[in-house]
Amino acid sequence: MSNSKSTIVFKWGVGIVQKATDIGVQPMVLTNKKINGLINEIAGETAISIIDYIKNRKNVSEFLIADKVKLDMQTTRNILYTLNSYNVATYVRKKDRKKGWYISYWTFNKGRVGELIDKIKDDKLEQLQQKLGREESNAGNFFMCGNGCARFDFDHATDFQFKCPECGQLLNQQDNSRTIENIKKRIAELQKETQKKK
Ligand SMILES: [Zn+2]
């Protein structure tokens, strides 16, 4: 036992071997909950049953998938191609010798799920940070229709002479400190999730 261990260290050279966690490349633990959450987000709830079926198989015929998850061919294909557009499922096409047409055979690309989860989180974080920037630079200077039709920054409120373009109600100046707090809280939560994983 100890022998094989030292062989490995020798092979890689001491100092080169680095724990994956040190360089931040350790893949996240992909629970079913995480996988399903992502699949639902990019392709809808029905897609989860498709992934469930092909997840531990390889090159599954599109006809078999439709049959097993009890969906019509059109719906099945639409979902599969949506998944493919995110590279979460890949396929090969083969000609069916008897029938003479092409059939696609599908495989789940699990490795892509973690990347996508990260990407979606990063995008959300960026959007929130932009939103925070807008709110902060207009702090205390937002204007809201009394009927709740819309919300305007100072420049737009001036354009409309402080009257709602929808209903004509006078616009009220709004304290947006609570909005700012909420955005900050969501940013902190997202950052915490990202930290936990690394
Ligand atoms: Zn209004």
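**View 1. Strand 4 pairs with strand 5 through 2 bridges, antiparallel.** This is a predicted model, where local features need pLDDT of at least 70, side-chain atom pairs count only at pLDDT 80 or more, and totals for chains, interfaces and linings use all residues. Residues are numbered from 1 along each chain, as its sequence is written. Strand 5 covers residues 151-152, and strand 4 covers residues 142-145. Helices (H or I, at least four residues) and strands (E, at least two) are DSSP runs, numbered from the N terminus; two strands pair if DSSP finds at least two bridges between them. Look for phenylalanine 143, whose bridge partner in strand 5 is phenylalanine 152. The two strands make a hairpin with 5 residues between them, and in the turn sits glycine 148, with a positive phi of about 80°.

**View 2. Strands 5, 4 and 6 form an open sheet in the order 5-4-6, with antiparallel pairing.** Strand 5 and strand 6 are at the edges with a single partner strand each, so one side of each has no neighbour in the sheet. Strand 4 is joined to strand 6 (residues 171-174) by 4 bridges. Cysteine 145 stands opposite leucine 171 of strand 6.

**View 3. The other open sheet shown here has 3 strands in the order 1-3-2, again with antiparallel pairing.** Here the edges are taken by strand 1 (60-61) and strand 2 (89-95); each has a single partner strand, so one side of each is left without a neighbour in the sheet. Between strand 2 and strand 3 there are 7 bridges, in the antiparallel sense. One pair to pick out is lysine 95 with its bridge partner in strand 3, tyrosine 102.

**View 4. Helix 2 has buried residues at Ile35, Leu38, Ile39 and Ala43.** Buried means that 20 or more other C-beta atoms lie within 10 Å of a residue's own (exposed: 12 or fewer; partly exposed: in between), with C-beta atoms placed from the backbone. Down the axis of helix 2, the buried residues fall within an arc of 100°, so they line one face of the helix; the arc is that of the directions from the helix axis to the C-beta atoms. Helix 3, helix 5 and helix 6 (110-137) are among what covers these residues. Right after helix 2 comes glycine 44, with a positive phi near 90°.

**View 5. Isoleucine 39 is a residue of helix 2.** Isoleucine 39 counts as buried because 27 other C-beta atoms lie within 10 Å. Leaving out residues up to four places away in sequence, isoleucine 39 touches Ala47, Ile48 and Ile51; a contact means C-beta atoms, placed from the backbone, within 7 Å. Valine 113 is 74 residues away along the chain, yet the two C-alpha atoms are separated by 8.4 Å.

**View 6. The largest nonpolar core has 18 residues.** Such a core is a set of buried Ala, Val, Leu, Ile, Met, Phe, Trp, Tyr and Cys residues joined through C-beta atoms within 7 Å. Ala47, Ile50, Ile51, Ile54, Leu83 and Ala89 touch the most other members. Helix 2 (32-43), helix 3 (46-54), helix 5 (73-85) and strand 3 (102-108) each supply at least two of its residues. Beyond four places in sequence, isoleucine 54 is in contact with Val60, Ile65, Ala89, Trp106, Thr107 and Phe108. A second, separate core of 7 residues includes Phe142, Cys145, Cys164 and Leu171.

Terms used. Contact = placed C-beta atoms within 7 Å.
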